[in-house]
Amino acid sequence: MYYKSTRNSEVNVTSAQAIAQGISEDGGLFVPSELPRLTLDEIKQMGDLSYADRALFVFSKFLTDFTGAEIKYCVDGAYNTKNFDTENIAELSHLFDGTYMLELWHGPTCAFKDMALQILPYLLTTSVKKIGTDKKVVILVATSGDTGKAALEGFKDVEGTSILVFYPEDGVSAMQKKQMTTQDGANVGVCAIKGNFDDAQNGVKAIFTDPATGKELADNGLMFSSANSINWGRLAPQIIYYVSTYAQLIKEQQIDVGEPINIVVPTGNFGNILAGYYAKKMGVPVNKLICASNANNVLTDFINTGVYDRNRAFHTTISPSMDILISSNLERLLYHLSGENDAQIREWFGALAKEGRYEVSDDVKKALSEEFCAGFCDDEQTKATIKEIYDKYSYTCDTHTAVAVKVYEDYKKATGDDTVTVIASTASPYKFSGSVLSAIGVEAGEDEFDKVDKLAEVSKLPIPASLAELKDKAVRFNETIDKADMKKFIFKTLGI
Ligand SMILES: *Cc1c(COP(=O)(O)O)cnc(C)c1O
C-alpha cells in the first residue's frame, strides 16, 4: 500500500513517510493508493475482539510497511483503560428507536480527537524511526478547541518530539482554554492568535509548505509534522470506530449482517465524516453519510449545490470546534470523487486560495449527492435540541452532538428514512457546561467549575477526573500574537 498526494498522483510514499511528513510538499494531502476491502464476515468476526484488536486488524491493512509487532505496540499503548474511562473505548449508547449515540469522548481530553491523538504519537515516532531520520519532530497544530488539547496530551514528554499549538483567541470554550493553557510537559508550547481557526490553519499550512522554513529547520536537526486531520495518521484511526461500531451492532443483534446504517457527523474540517466515507468504501454497509453543520454552513451549501464558497460571514457559535469555513479534508474526498484527477484538484484548490470559491463538475455533484446529505442549524435550534433530548430521553449531550441530532431529525422528517442510524457524539457535555446548562434552563454562576458541579447534579453523569483537576491548575501559557507572527513564535520557542 502506497500513499499519493491529492495534488500530484505521481507521488508514491510509504505510510511511515506519509505520517512522518504530515502533508505532501506540493501542499496536497496523502491518500491511500487503493482502499483495502473488508468482507462482511471479517467485520462480523471483529465483534468478538477488543477495541485494540479491532484496530490492529484494520491498521494492518493500511500500514503495510509496519510489522505486526509495531502496530500492536501502537494500538495497545493507545486503546486501554488507563487512557479511556470505558473498556469499550468507543461507547455505543441507545438513544431512541433505531438511533444510537457513538460516544467518542471517553478519552483523556473528553473529545473525539482522543480516538486518533492517543495513537498518533505511537504511529509518528514509529514512522520516524522507520524512515531512518535522526531529526527531532516539531508538531504544529492549529486548533478550533479540541485537537489542541488532545494533541498536547498525546505528545507531552514524548521523546524526540515537541509540540506547538495555536488556537483562536476568542474561538474556544472556557474549559477548552483552561485545558490548553495549563498543559504540562517539557516539550509543549501553546499560543493564542488574533484571528479565527481558518487563520490558524492557513498559517500552519503555509509554514509547513515553505521550503525556506523547512531548510532552516533541517539545518537545526528538526522537521515539521502535523497532528491535524491533514495527517493520514489522524484519519486512519477514525475509520476504525465506524467499522467497530458496525461489528458491535451485529454483535448486539441490533442489525442483520449486511443491513445498511446511516452515519450522522457534526462536521468542521471534514475529517470525521471522511473517515465514515472510507469505512463505507472498505465494505461497511452505509446508506447515507449525513453532514451536520452549525451556522458556518459552507459544507451544507457545497453538498447541496456543488459550489464551495467561503466568502461569507464567519460565525462564532456555541459549537466552536465546528467554526470553520475551510474544510481541509474535503480535498481528499474530491480527489476520490473526481477519479483521482490531481490537475482538477490543483485547479479547484488554487481557486479556493485565490478567490475563496470553486464549483465542482456535474459528475462530482452527482457522486456527492449519492453519498451525502447535509443540513445545518443555528445556536437557538442547537439549544432547543439539547433540551428536547434531555427532557425526552434523560440524555445530556454537548453542543456539537446536538447539531448532529437536530440535522438528523430534520433529515428523518424530510425523507421518512427509518434506516438504523449512528450519530457521532463528539464531546463530553462537560467541555461546554455553560451552554448546556443554559439550554436545559438551569441557572449557574460565572465560575466554570461551579457550572461543572451544577451539570453533574442535573445530568447525573460522572465528572471526568481530567477536567475536575484543572480547577486548581496554574496557567502556564498566556501569550496572544498576531497571525503574521506564528513563525516567529515557533522559532523563538524552538530556540532557533
Ligand atoms: C473537531 C470536532 C468536530 C469536527 O470534526 P471534523 O473532523 O473537524 O469535521 C466536531 N465536534 C467536536 C466536539 C470536535 O472537537
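Helices here are DSSP runs of H or I with at least four residues, numbered from the N terminus. With that in hand, welcome to the tour; the model on your screen is a predicted one.

**Stop 1: helix α8**

Start by selecting M180, which you will find in helix α8. Is M180 buried or exposed? Its relative accessibility is 0%, so M180 counts as buried, the cut-off for that word being under 20%. Now add F30 to your selection and draw a distance between the two C-alpha atoms. M180 and F30 are 150 residues apart along the chain, and their C-alpha atoms are separated by 28 Å.

**Stop 2: just past α8**

Move on to T182, in the loop that runs between α8 (174-181) and β8 (188-194). T182 has a relative accessibility of 1% and therefore counts as buried too. Show its side chain and look for K178: a polar atom of the T182 side chain lies 2.7 Å from the backbone oxygen of K178.

**Stop 3: the ligand**

Next, select the ligand and centre your view on it. Where does the ligand sit? Its place is in the largest cavity. Around the ligand there are 15 residues, of which K113, D146, G268, N269 and T426 come nearest. Try colouring this shell by residue type: five of its residues are nonpolar, eight are polar and two are charged.

Then switch on backbone atoms for three residues and follow their contacts with oxygen atoms of the ligand:

- N269: a polar backbone atom is 2.8 Å from a ligand oxygen.
- F270: a backbone N or O atom lies 3.0 Å from a ligand oxygen.
- N272: a polar backbone atom is 2.9 Å from a ligand oxygen.

How much of the ligand does the protein cover? On its own the ligand has 380 Å² of accessible area, and the protein covers 98% of that.

**Stop 4: helix α17**

Select residues 379-393 to bring up helix α17, and pick out D391 within it. D391 has a relative accessible area of 47%, so this residue is partly exposed. Add I440 to the view: D391 and I440 are 49 residues apart in sequence, while the distance from C-alpha to C-alpha is 8.5 Å.

**Stop 5: helix α22**

Finish with residues 486-494, which form helix α22. Which residues of this helix are buried? Among them are M486, F489, I490 and F491. Step off the end of α22 and you arrive at G495, where phi is positive, near 75 degrees.

Methods: Residues numbered from 1 in each chain as written. Predicted model: local features only at pLDDT ≥ 70, side-chain atom pairs only at ≥ 80, totals over all residues. Heavy atoms only, no water. Near = heavy atom within 4 Å. Polar contact = N/O pair within 3.5 Å; in protein donor to acceptor, adjacent residues only side chain to side chain. Areas by Shrake-Rupley, 256 points an atom, 1.4 Å probe, with all protein chains shown as cover. 1 Å grid on protein atoms, 1.4 Å probe; cavity = no way out; pocket = protein on both sides within 12 Å on 5 of 7 lines; lining within 4 Å. Sits in = over half its atoms within 2 Å of the grid points. Nonpolar A, V, L, I, M, F, W, Y, C, P; charged D, E, K, R; others polar. Buried < 20%, exposed > 50% of the residue type's maximum accessible area, 1.4 Å probe, protein only. Helix = DSSP H or I, 4+ residues; strand = E, 2+ residues; numbered from the N terminus.
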